[in-house]
Amino acid sequence: TEGGWDSPSPRPSTEIFVVLSGGGAVTDPDGTRHAFTAGDTVVLPKGWWGRWDVDSKIHKVWAVHVHSDVEGAEVTPLVASESALTPISPAAASHTLKLMYDGNGAIS
């Protein structure tokens, strides 16, 4: 739905979504605006709070990851355009995941 709203409470989880159509922005409490549009991947980290503004109705595919706090982790949203993402082979992806996942449910 088009419009804007405050999201005043820190997020209890990390959300990642890919924008299929439409666009808008999330804005940090300090006024830093993170615009997104079709083709962008957006990460809203655990602890982020601010404002949502939807300029044109968005369709997105999203996932939410509930996890423990990560000491020193950034709470700034990340918006990456489709052209900024580098595809990797399935073998490389598997190797990367093995390096990141410690087997106890934590990502390092």
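A residue counts as buried when its relative accessible area is under 20%, as exposed when it is over 50%, and as partly exposed in between (1.4 Å probe, protein chains only). At 17% relative accessibility, Asp 53 is therefore buried. Keep that idea in hand as we walk through the structure.

First, some ground rules. This is a predicted model, in which local features need pLDDT of at least 70 and side-chain atom pairs count only at pLDDT 80 or more, while totals for chains, interfaces and linings use all residues. Residues are numbered from 1 along each chain as its sequence is written, and side-chain values use heavy atoms, with hydrogens and water left out.

Let us begin with the overall plan. The protein chain has one helix and six strands; here helices (H or I, at least four residues) and strands (E, at least two) are DSSP runs, numbered from the N terminus. If you follow the sequence along, the pattern reads β-β-β-β-β-β-α. Of the 108 residues of the protein chain, 29% count as buried. The surface that the chain exposes comes to about 7100 Å², with carbon and sulfur atoms supplying 59% of it; accessible areas come from the Shrake-Rupley method with a 1.4 Å probe, and for residues only the protein chains shown count as cover.

Contacts tell us how the chain comes back to itself. A contact means heavy atoms within 4.5 Å. Among the contacts in the protein chain with a separation of 6 or more, 71% are between residues 24 or more positions apart.

Now look at how the strands pair; two strands count as paired if DSSP finds at least two bridges between them. Strand S1 (residues 3-7) pairs with strand S5 (residues 50-65) in the antiparallel sense, over five bridges. Within this pairing, Asp 6 stands opposite Arg 51 in S5. S5 also pairs with S2 in the antiparallel sense, this time over 12 bridges, and His 59 in S5 is the bridge partner of Ser 21.

Trp 5 helps to show where S1 sits. This residue belongs to strand S1 and is partly exposed, with a relative accessible area of 39%. Trp 5 and Arg 51 are 46 residues apart in sequence, but their C-alpha atoms are 5.8 Å apart in space. Not counting residues up to four places away in sequence, Trp 5 touches Arg 51, Trp 52 and Val 54.

What about the inside? A nonpolar core is a set of buried Ala, Val, Leu, Ile, Met, Phe, Trp, Tyr and Cys residues joined through side-chain atoms within 4.5 Å. The largest one has 10 residues, including Phe 17, Val 26, Leu 44, Trp 52 and Ile 58. S2, S4 and S5 are the elements that give two or more residues to this core. Leu 44 is a good place to pause: leaving aside neighbours within four places in sequence, its contacts include Ser 13, Phe 17, Val 26 and Trp 52. Ser 13 lies in the loop between S1 and S2 and is buried, because its relative accessibility is 7%. With the same neighbours left aside, Ser 13 is in contact with Leu 44, Pro 45, Lys 46, Val 64, His 65 and Val 66.

Next come the charged residues. Side chains of opposite charge can pair when their charged atoms come close. A salt bridge is a side-chain nitrogen of Lys or Arg within 4 Å of a carboxyl oxygen of Asp or Glu. How many salt bridges does a search of the whole structure find? The search finds six. One of them joins Arg 33 and Asp 55, whose closest N and O atoms are 3.5 Å apart. This pair links distant parts of the chain, since Arg 33 is in strand S3 (residues 33-37) and Asp 55 is in strand S5, 22 residues apart. Arg 33 is partly exposed at 44%, and Asp 55 is partly exposed at 48%.

Another salt bridge brings together the side chains of Asp 69 and Lys 46 (2.9 Å, N to O). Asp 69 is in the loop between S5 and strand S6 (78-80) and Lys 46 is in the loop between strand S4 (41-44) and S5, so the pair ties together parts that are 23 residues apart in sequence. Asp 69 is exposed, with a relative accessible area of 66%.

The buried Asp 53 from the opening also takes part: its side chain meets that of Arg 51 in a salt bridge (3.1 Å, N to O). Arg 51 is partly exposed at 30% relative accessibility. Together, Asp 6, Arg 51 and Asp 53 are linked in a network of salt bridges.
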